[in-house]
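Please look through the model shown below, chain by chain, before reading on. The paragraphs that follow lead from individual charged pairs to helices, and from there to the contact between the chains.

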Amino acid sequence: MEARLRALVRRAKGTEDIVVLGQLKLDRKARRFAVANAPLDLPAREFEVLWELMSPPGRTVSKRALSDKLSGFDESLGDNALEAFISRLRKKLLGSGAGIRTLRGIGYLLEAEV
Amino acid sequence: MSEATTPPVTRTAPSLTRRVLRNVLVPLALTWMAGAVIALVIANYFSEQAFDRGMLDDAYALSANVQAGERGIELLLTPREVATVLFDQTDKVYFSVQRLDGTLISGRGDLKAPLPDEGSRYRFSDIDYDGNVLRAVVLDHDAEPGLHMPYRVIVAQTTLSRAALVQRLLFYAMAPQVLLLVLLAVWLWHGIRRDLRPLGELQRALDTRDVRDLSPVAVAQTSKELQRLGDAVNALFDRLRYSVRAQREFVGNVAHELRTPLAGIRALAEYGLAQHDTEVWREQLTRVSERQARASHLIDQLLALALADEARTDLQRTPVSLDMLAEQTVLRHLARADARGVDLGARGLDDGVTVLANEALVEGILDNLIDNALRYGGRTITVELAGRTLSVIDDGPGIPLEAQRDLMQRWAQGPAGQKLGQGAGLGLSIVARYAELLGAELRLDAAEPNGLRVSVTFGDDA
């Protein structure tokens with residue numbers, strides 16, 4: 001019973017061991033993404049961002065949060081640079097059943113895509 | 001609903017008439033009395049002088065009859081002659097002729113009075129003698145040719161006639177003044193009551209008025225103040241009449257608005273009942289559901305308005321993060337915007353802005369504005385935060401200037417709304433009311449190149 005409750009809480013917090021959206025799968029323990037069971041290799045920063053967007057899927061990640069994650073100590077990424085980054089990531093997710101939606105002026109979220 | 005409050009118990013305020021009379025008559029009486037007293041003192045002074053002069057003349061008259069005789073100086077008048085010279089109707093007169101060393105030549109030996117100063121021939125004074133208070137004069141004579149030594153004449157008199165004179169002065173001076181004062185008081189009383197009578201009439205007219213009667217009250221134009229009071233009361237009635245009429249219009253519009261979806265529901269239901277096809281039923285029920293949603297939405301807005309009216313008195317203001325609230329609102333409307341193919345986004349939410357406001361009301365403003373924009377706007381809606389101003393901008397047909405104020409003041413549907421046949425202009429009037437409660441400024445502007453921008457600016461005190 002307790003295990004089931006814990007699992008529920010984990011799912012709510014988006015900290016489940018395995019997170020799935022469409023064909024996109026995240027294995028938290030192994031720290032690995034996969035699309036239709038084929039591993040998806042991502043450079044460190046894209047990995048971080050996709051991790052945020054999957055915790056849990058559908059969570060809105062603000063531009064500021066993403067920008068802070070991606071930038072160096074004293075400079076933050078501009079809107080255009082951020083959008084360029086996201087569109088690169090978006091391309092890699094094509095056909096996975098999961099897409100990154102831009103929320104104009106707010107941020108980004110991951111949603112199921114046909 | 002709030003409980004009816006009992007009016008506070010007040011002591012009856014003092015009468016205006018009495019207060020005015022008191023404020024006028026008391027200073028007047030005091031001033032007149034003071035004036036009368038001063039006049040009296042002056043009159044008394046001069047009458048004293050007259051009396052004294054008379055007494056001095058008597059002393060001189062006696063002196064004229066003092067001559068040198070066989071035994072030195074002597075008074076050549078018999079007691080009877082003296083009595084004639086010194087006769088007075090009211091007062092008792094005493095006299096004494098003495099040598100300078102005090103020895104008596106004629107008259108009362110024990111009559112003593114203060115002597116004249118160095119260089120003066122006579123002196124007046126008040127003395128006690130024979131059980132009475134007397135006014136006395138001492139007249140000194142130097143040695144003259146024919147009289148080989150100086151002598152002194154003393155005349156003293158009771159002050160009965162002086163006292164009687166003062167009393168008569170007092171009476172004849174004060175009595176008319178008191179009488180005048182009484183007449184003035186009576187005249188003032190009547191005058192004030194006459195001038196204040198319209199106040200009493202106004203009060204009675206208002207007391208007996210029916211609660212539904214909002215026609216102007218007649219006020220006699222006897223004074224500027226009363227005129228102003230009457231104008232203010234009638235202006236209030238004017239505003240009340242307007243407000244009552246606006247409310248009746250409102251209720252009428254609400255009833256009309258509710259009738260339409262309800263009639264539609266009935267028509268759909270009746271049509272569906274006449275059919276036997278489940279597909280038709282499904283379609284009718286779907287449309288019934290839509291109509292119900294519209295009616296329900298309308299009722300929600302009316303409740304919101306009623307709530308806004310109640311909240312007027314005790315609105316709690318807490319710190320509200322406008323950027324976070326805007327973000328949450330946009331996310332909440334995203335699904336509906338997607339369904340209509342409208343691009344809903346934001347701008348300027350990177351900077352945190354906190355104002356003192358009420359979260360429910362700010363949310364209500366944004367919800368209504370986005371809702372309106374979804375109904376009437378174009379393809380793009382943006383929620384913008386700039387400084388202390390929150391705006392909702394769409395690129396739809398916009399609202400012509402003339403219609404803008406109408407939409408906010410009265411609850412009305414513009415021709416665009418009627419054409420679309422959905423929603424109500426109620427949304428903007430709710431937004432206006434909420435803004436007013438928050439002490440924020442509401443503006444409608446045209447957006448570039450086309451569309452509508454509705455802005456709410458929070459004041460500095462927020």
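Is E48(B) buried, partly exposed or exposed, and what is its relative accessible area? The model is a predicted one, and in it E48(B) has a relative accessible area of 25%. Since buried means under 20% and exposed means over 50%, E48(B) counts as partly exposed. The side chain of E48(B) forms a salt bridge with R162(B), in which the closest N and O atoms are 3.3 Å apart. This pair links distant parts of the chain, for E48(B) sits in helix α1 (residues 16–64) of chain B and R162(B) in helix α3 (residues 160–207) of chain B, 114 residues apart. The partner R162(B) is buried, with a relative accessible area of 7%, whereas E48(B) is partly exposed. The pair also belongs to a wider arrangement, a network of salt bridges that links E48(B), D52(B), D126(B), R135(B) and R162(B).

Such pairs recur in the model, and the count over all chains comes to 27 salt bridges. In general, side chains of opposite charge can pair when their charged atoms come close. Another example in chain B is the salt bridge in which the side chains of R347(B) and E384(B) meet, with a distance of 3.0 Å from N to O. Because R347(B) lies in strand β9 of chain B and E384(B) in strand β11 of chain B, this pair ties together parts that are 37 residues apart in sequence. With a relative accessibility of 42%, R347(B) counts as partly exposed, while E384(B), with a relative accessible area of 13%, is buried.

Chain A offers a pair of its own, in which K69(A) forms a salt bridge with E48(A) and the closest N and O atoms are 3.9 Å apart. K69(A) lies in helix α3 (residues 63–70) of chain A and E48(A) in helix α2 (residues 44–53) of chain A, so the salt bridge ties together parts that are 21 residues apart in sequence. Here K69(A) is partly exposed, with a relative accessible area of 38%, and E48(A) is partly exposed too, with a relative accessible area of 34%.

Turning to chain A as a whole, one finds four helices and seven strands, which follow the pattern α-β-β-β-β-α-β-α-α-β-β when read along the sequence. Of the 114 residues of chain A, 39% count as buried. When contacts in chain A between residues at least 6 apart in sequence are considered, 44% of them join residues at least 24 apart.

Back in chain B, helix α7 (residues 359–376) allows a check of geometry: at 1.5 Å a residue, its 18 residues should span 26 Å, and the end C-alpha atoms are 26 Å apart, which agrees. α7(B) is mostly covered, with 13 of its 18 residues buried. The N-terminal end of α7(B) is capped by N358(B), a side-chain oxygen of which lies 3.0 Å from the backbone nitrogen of A360(B).

A histidine in another helix of chain B deserves a look as well. H333(B) is found in helix α6 of chain B, and at 10% relative accessibility H333(B) counts as buried, because the limit for that class is under 20%. Leaving aside residues up to four places away in sequence, H333(B) touches L344(B), D367(B), I370(B) and L374(B).

What remains is the contact between the two chains, which takes 16 residues from chain B and eight residues from chain A. The area buried between chain B and chain A is about 950 Å², and carbon and sulfur atoms give 44% of that area. Between chain B and chain A the count is two salt bridges, and one of the salt bridges joins the side chains of R101(A) and D338(B) at 2.7 Å, N to O. There are also six residue pairs in polar contact between chain B and chain A, both residues being at pLDDT 80 or more. On the side of chain B that touches chain A, the elements that give two or more residues are α6 (322–340), β9 (343–347) and β11 (380–386) of chain B. Of these, α6(B) gives the most, with six residues. By class, this side of chain B has seven nonpolar, three polar and six charged residues.

Notes: Residues are numbered from 1 along each chain as its sequence is written. Chains are lettered from A and ligands numbered from 1 in the order in which they are written. This is a predicted model: local features need pLDDT of at least 70, side-chain atom pairs count only at pLDDT 80 or more; totals for chains, interfaces and linings use all residues. Side-chain values use heavy atoms; hydrogens and water are left out. Contact means heavy atoms within 4.5 Å. Buried area is the accessible area (1.4 Å probe) that two parts lose on being put together, summed over both. A salt bridge is a side-chain nitrogen of Lys or Arg within 4 Å of a carboxyl oxygen of Asp or Glu. A polar contact is a pair of N or O atoms within 3.5 Å; within protein, one must be able to donate a hydrogen and the other to accept it, and residues adjacent in sequence count only if both atoms are side-chain atoms. Ala, Val, Leu, Ile, Met, Phe, Trp, Tyr, Cys and Pro count as nonpolar, Asp, Glu, Lys and Arg as charged, and the others, Gly among them, as polar. The expected span of a helix is 1.5 Å times one less than its number of residues. Buried means under 20% relative accessible area, exposed over 50%, partly exposed in between (1.4 Å probe, protein chains only).
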